[in-house]
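Reader: I'm new to this one and I'd like to know where the labels come from. Could you walk me through the reasoning?

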Amino acid sequence: MPFDFLACPACGAKVKQYKNPLPTVDVIVELPDGIVLIERKNEPFGWAIPGGFVDYGETLEHAAVREIQEEISVELAEKDLRLLGCYSDPARDKRSHNISTVYVAKATGTPKAGDDAAAFAIFPIDALPQPLCFDHARILSDYRRKKEAGAI
């Protein structure tokens, strides 16, 4: 629902307030030398998996492709996205309760920092930088475990 509250059609008074979690997407972008992480230029500062908020009327897959284009300027196709999982801990982002759908995708091209990224770097999964933002340490741990098991 694209509204913060419902209003009485006669007088405009608030009838009911909604406070729902916000949908987000993150994409673990695989390149031959490792995965791409961005260094955030906005709070919370640190390293993060590229991603962002889903726009109203947008599919999760389209949001993932759009966010990767905006943040690191590499092209992905929706058909190449592989679902890693969904992360919904209300404390995963101190700014608000967000639910993230996390994908994995191989990419080609040369990334460059854009949008919310102050910088980017490519890291092997066994040499990740610190600090990692949000719950991205947990997500990357799940990614590593599933990758080693051949599950993604």
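Reader: Let's start with His 62. What makes His 62 count as partly exposed?

Author: One thing up front: this is a predicted model. The relative accessibility of His 62 is 38%. Buried means under 20% and exposed means over 50%, with partly exposed in between, so at 38% His 62 counts as partly exposed.

Reader: Where is His 62 in the fold?

Author: His 62 belongs to helix H1. In that helix, Ala 63, Ala 64, Val 65, Arg 66, Glu 67, Ile 68, Glu 71 and Ile 72 are buried. The cover over those buried residues includes S3, S4, S6, strand S8 (98-106) and strand S9 (117-123).

Reader: How do you know what span is expected for H1?

Author: The expected span is 1.5 Å times one less than the number of residues. H1 has 13 residues, and its first and last C-alpha lie 18 Å apart, which is close to the 18 Å expected.

Reader: What comes right after H1, and what is its phi?

Author: Ser 73 follows H1, and its phi is positive, near 55 degrees. Ser 73 lies in the loop between H1 and strand S7 (82-87).

Reader: Why is a positive phi worth pointing out?

Author: Because most residues other than glycine have a negative phi. Ser 73 is not a glycine, yet its phi is positive, about 55 degrees. Phe 134 is not a glycine either, and has a positive phi of about 55 degrees. Phe 134 sits in the loop between S9 and H2.

Reader: Why is Phe 134 called partly exposed?

Author: Its relative accessibility is 25%. The partly exposed class lies between the 20% and 50% cut-offs, so Phe 134 at 25% counts as partly exposed. Ser 73 has a relative accessible area of 25%, so Ser 73 is partly exposed too.

Reader: Which peptide bond at Pro 44 is cis, and what is its omega?

Author: The bond joining Glu 43 and Pro 44 is cis, with omega about -5 degrees. Pro 44 is in the loop between S4 and strand S5 (47-48). Another cis bond joins Gln 130 and Pro 131, with omega about -5 degrees. Pro 131 lies in the loop between S9 and helix H2 (136-148). Most peptide bonds are trans.

Reader: What makes a group of residues a nonpolar core?

Author: The members are buried nonpolar residues whose side-chain atoms come within 4.5 Å of one another, joining them into a set. The largest such core has 21 residues, and Val 27, Val 29, Ile 68, Ile 72, Leu 76 and Leu 81 touch the most other members. S3, S4, H1 and S8 each supply at least two residues of this core, and H1 gives the largest share, five residues. Apart from it lies another core, of 15 residues, including Leu 84 and Tyr 143.

Reader: What can you tell me about the second largest pocket, starting with its space?

Author: About 230 Å³ of space lies in the second largest pocket. The lining has 20 residues, and the closest to the centre are Arg 40, Gly 51, Gly 52, Arg 95 and Phe 134. S6 gives the most to the lining, with three residues. By class, the lining has six nonpolar, five polar and nine charged residues.

Reader: And how much of the protein counts as buried?

Author: Of its 152 residues, 41% count as buried, meaning under 20% relative accessible area.

Notes:
Residues numbered from 1 in each chain as written. Predicted model: local features only at pLDDT ≥ 70, side-chain atom pairs only at ≥ 80, totals over all residues. Heavy atoms only, no water. 1 Å grid on protein atoms, 1.4 Å probe; cavity = no way out; pocket = protein on both sides within 12 Å on 5 of 7 lines; lining within 4 Å. Points joined across faces, edges and corners; volume = space filled by probe spheres on them. Helix = DSSP H or I, 4+ residues; strand = E, 2+ residues; numbered from the N terminus. Nonpolar A, V, L, I, M, F, W, Y, C, P; charged D, E, K, R; others polar. Buried < 20%, exposed > 50% of the residue type's maximum accessible area, 1.4 Å probe, protein only. Contact = heavy atoms within 4.5 Å.
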